[in-house]
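Work through these exercises with the model open beside you. Each task is followed by a stepwise solution.

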Amino acid sequence: MKARIHVFYKDSVFDPQGNTVGESLKKMGFQKVKGVRIGRVIDLEIDYSSKEEARKDIQRMCEKLLANPVIESFKPEIIDP
Amino acid sequence: MKTGVVTFPGSNCDDDVIDCLQRTGGFEVHPLWHKETGNLGDYRLIVLPGGFSYGDYLRCGAMAACSPIMTSIKEFADRGGLVIGICNGFQILCESGLLPGALAKNLSLNFICKDVQLKIESVNNPWTNQTVKNQLLSLPVAHGEGRYIIDDQEYETLVSNSQVLMTYQENPNGSSHHIAGICNKNKNVFGLMPHPERSTDLRSKGGLLIWKSIKSHLGMAS
């Protein structure tokens, strides 16, 4: 079993990296780009018998270490083999 | 005054802090390795120095916040012990929950290394009692992720408890409300992005006032 977690700055926190990349895309002529946010992807190799149990633990892992809930939001997903 | 200076893998201002404290005088300095555990009961001050602990993996300070010594430091702080975190040390204190808020990438995306003017916002605490309110201090900053972020409600709490100790005159990194340094509600834990250990002699001495404040608070002649 695998889990993939996407971590981004919360919408309320300005992302200077995403903003700069967005500006560059516009300068290249991609005028339809209205916003860019850059985040992090974390893949976990896990060994759980139930998805529910995995989800619970991963939620705690995100809150305790993988994301900083003060400024970041996170979205975990379980990927079946 | 027994003082512990913690070294994490990747700390690089630990020796600067030790040298500064020895030159300032009155501090009996003990280096502490991050793997040490146990009671810090007879210490009067713990310093988390600047640097790039764990190579800034995941987020600045996130891995160091999980280091074994942080459990002892949390207990020490809960008992009212004085803890100061400088730069990466400030990031570690926020990541470990000892201080509110968080530190994010500088708005400019640049690593900023220069002297900045700071304004003292509050003086009734162990950290800035040898300064006067609104006094201007010049201290160096050197960071890539020093943008302090706090939500409006928590900011109101900080202000009403006089927890904002210093602000930037010209905001270098985009910090909320120009915040450069804050303490916890009990005022015994202090975090700041500028480096007071790099400003105690030669051309600038602003940092000396922080170390003198600590000594004064602990009843030592400055």
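**Exercise 1: Chain B, overall build**

In chain B, residues 24 or more positions apart account for 75% of the contacts with a separation of 6 or more. Two residues are in contact here if their C-beta atoms, placed from the backbone, lie within 7 Å. This is a predicted model, in which local features need pLDDT of at least 70, side-chain atom pairs count only at pLDDT 80 or more, and totals for chains, interfaces and linings use all residues. Residues are numbered from 1 along each chain as its sequence is written, while chains are lettered from A and ligands numbered from 1 in the order in which they are written.

Task: State whether the radius of gyration of chain B agrees with that of a compact globule.

Solution.
- Step 1. Count the elements: chain B has 5 helices and 11 strands. Helices (H or I, at least four residues) and strands (E, at least two) are DSSP runs, numbered from the N terminus.
- Step 2. Take the extent. The C-alpha trace of chain B spans about 40 × 40 × 35 Å along its principal axes.
- Step 3. Apply the globule rule, 2.2 Å times the number of residues to the power 0.38, with the radius of gyration taken over C-alpha atoms. For 222 residues a compact globule would be near 17 Å; chain B has 16 Å, which agrees.
- Step 4. Check burial: 52% of the 222 residues of chain B count as buried. Buried means that 20 or more other C-beta atoms lie within 10 Å of a residue's own; exposed means 12 or fewer, and partly exposed is in between, with C-beta atoms placed from the backbone.

**Exercise 2: The core and helix α3**

Task: Find the residues with the most contacts inside the largest nonpolar core. Then explain why α3(B) is described as largely enclosed.

Solution.
- Step 1. Define the set. A nonpolar core joins buried Ala, Val, Leu, Ile, Met, Phe, Trp, Tyr and Cys residues through C-beta atoms within 7 Å.
- Step 2. The largest core has 69 residues, and I46(B) and V83(B) have the most contacts inside it.
- Step 3. List the partners of I46(B). Leaving out residues up to four places away in sequence, I46(B) touches G4(B), V6(B), L40(B), I73(B), F76(B), G81(B) and V83(B).
- Step 4. Another core, of 6 residues, lies apart from the largest one; among its members are I58(A), C62(A), A67(A) and F74(A).
- Step 5. Turn to helix α3 (residues 88-95) of chain B. Here 8 of the 8 residues are buried, so the helix is largely enclosed by the rest of the structure.
- Step 6. The buried residues of α3(B) pack against β3, β4 (82-86), β5 (102-104) and β11 (189-192) of chain B. Just after α3(B), G97(B) has a positive phi of about 85°.

**Exercise 3: Two positive phi values**

Task: Decide whether Y54(B) is buried or exposed. Do likewise for N134(B), buried or exposed.

Solution.
- Step 1. Recall that most residues other than glycine have a negative phi.
- Step 2. Phi of Y54(B) is positive, near 50°. Y54(B) sits in the loop between β3 (45-48) and α2 (68-78) of chain B. Y54(B) counts as buried because it has 21 C-beta neighbours inside 10 Å.
- Step 3. Phi of N134(B) is also positive, about 75°. N134(B) is in the loop between β6 (112-120) and β7 (136-143) of chain B. With 9 C-beta neighbours inside 10 Å, N134(B) counts as exposed.

**Exercise 4: Chain A and its contact**

Task: Give the strand order of the open sheet in chain A. Then describe the side of chain A that touches chain B by class.

Solution.
- Step 1. From the N terminus, the elements of chain A run β-α-β-α-β. Its radius of gyration is 16 Å, well over the 12 Å that the globule rule gives for 81 residues, so chain A is more spread out than a compact globule.
- Step 2. Only 14% of the 81 residues in chain A are buried.- Step 3. The open sheet of 3 strands has the order β2-β1-β3 (chain A), with antiparallel pairing. Strands pair if DSSP finds at least two bridges between them. The edge strands are β2 (40-45) and β3 (72-79) of chain A.
- Step 4. Strand β1 (residues 2-9) of chain A pairs with β3(A) over 8 bridges. In this pairing H6(A) stands opposite K75(A) in β3(A).
- Step 5. The contact takes 10 residues from chain A and 11 residues from chain B. Helix α1 (residues 16-27) of chain A gives the most to the chain A side, with 3 residues.
- Step 6. By class, that side has 7 nonpolar, 3 polar and no charged residues. Ala, Val, Leu, Ile, Met, Phe, Trp, Tyr, Cys and Pro count as nonpolar, Asp, Glu, Lys and Arg as charged, and the others, Gly among them, as polar.
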